[in-house]
Structures are given as structure tokens and as C-alpha cells.
Amino acid sequence: MKIELTAGCTVDSLLVNGRKFETLPYNEIRNVITILMDWYKDTDLCNDILRDIVYSKGEFKDGYTCEQCGDFVETYTLEI
């Protein structure tokens, strides 16, 4: 499987075996992700993917500024 990402300026393209990712049927997309997870075997990758999904698709619940370090702390919830 060859995965190619081109990004920058007005170009944004993700190809899987020469086919546009967004045109693949759901079952093929699921298969690509499963193959990647099985090939990479890294829980950090799983963590990153899950965090990205919750952050982008979840509901913002709370946010505050940490008094000790000044970071903004956010909580998101995703119910499936």
C-alpha cells in the first residue's frame, strides 16, 4: 500500500494507491486505517488519533487558565 500526502499553498491531496482518499468507499477507508494500525503497532498513534477525533468532533465542556503555569486547559466530550 502506498499512501501519499501533498499539502501546501492550494494543494491538499491524500492518495492511497493512487486513489483520492475522500473518494474511497467507507469499507476501504476502514481497511486502510486497520492496516496502518496493525502495521504500526504503536499505542501512541492510537492515542493521537483518538485525541484528534475527540478534539475535532467532540463537544467543548470546559476551559480555564492554569494558575501555576498559565496554560489553557480544555475538556471535550464525545459520546458515541
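Two people talk through the salt bridges and a helix of this structure.

Modeller: This is a predicted model, where local features need pLDDT of at least 70, side-chain atom pairs count only at pLDDT 80 or more, and totals for chains, interfaces and linings use all residues. Residues are numbered from 1 along each chain as its sequence is written, and side-chain values use heavy atoms, leaving out hydrogens and water.

Biologist: What makes Arg 19 and Glu 28 a salt bridge?

Modeller: A salt bridge needs a side-chain nitrogen of Lys or Arg within 4 Å of a carboxyl oxygen of Asp or Glu. For Arg 19 and Glu 28, N to O is 2.8 Å. So the pair counts as a salt bridge.

Biologist: How many salt bridges does the structure hold?

Modeller: Three. Lys 2 and Glu 4 form one of them, with the closest N and O atoms 3.9 Å apart. Glu 59 and Lys 61 form another, at 3.5 Å.

Biologist: Why is Lys 2 called exposed?

Modeller: Buried means under 20% relative accessible area, exposed over 50%, and partly exposed in between (1.4 Å probe, protein chains only). Lys 2 has 54%, so Lys 2 counts as exposed.

Biologist: And why is Glu 4 called partly exposed?

Modeller: Glu 4 has 34% relative accessibility, so Glu 4 counts as partly exposed.

Biologist: How do you know that the span of helix 1 agrees with what is expected?

Modeller: A helix is a DSSP run (H or I, at least four residues), and helices are numbered from the N terminus. The expected span is 1.5 Å times one less than the number of residues. Helix 1 has 15 residues and should span 21 Å. Its end C-alpha atoms are 21 Å apart, so the two agree.

Note on methods:
Helices (H or I, at least four residues) and strands (E, at least two) are DSSP runs, numbered from the N terminus.
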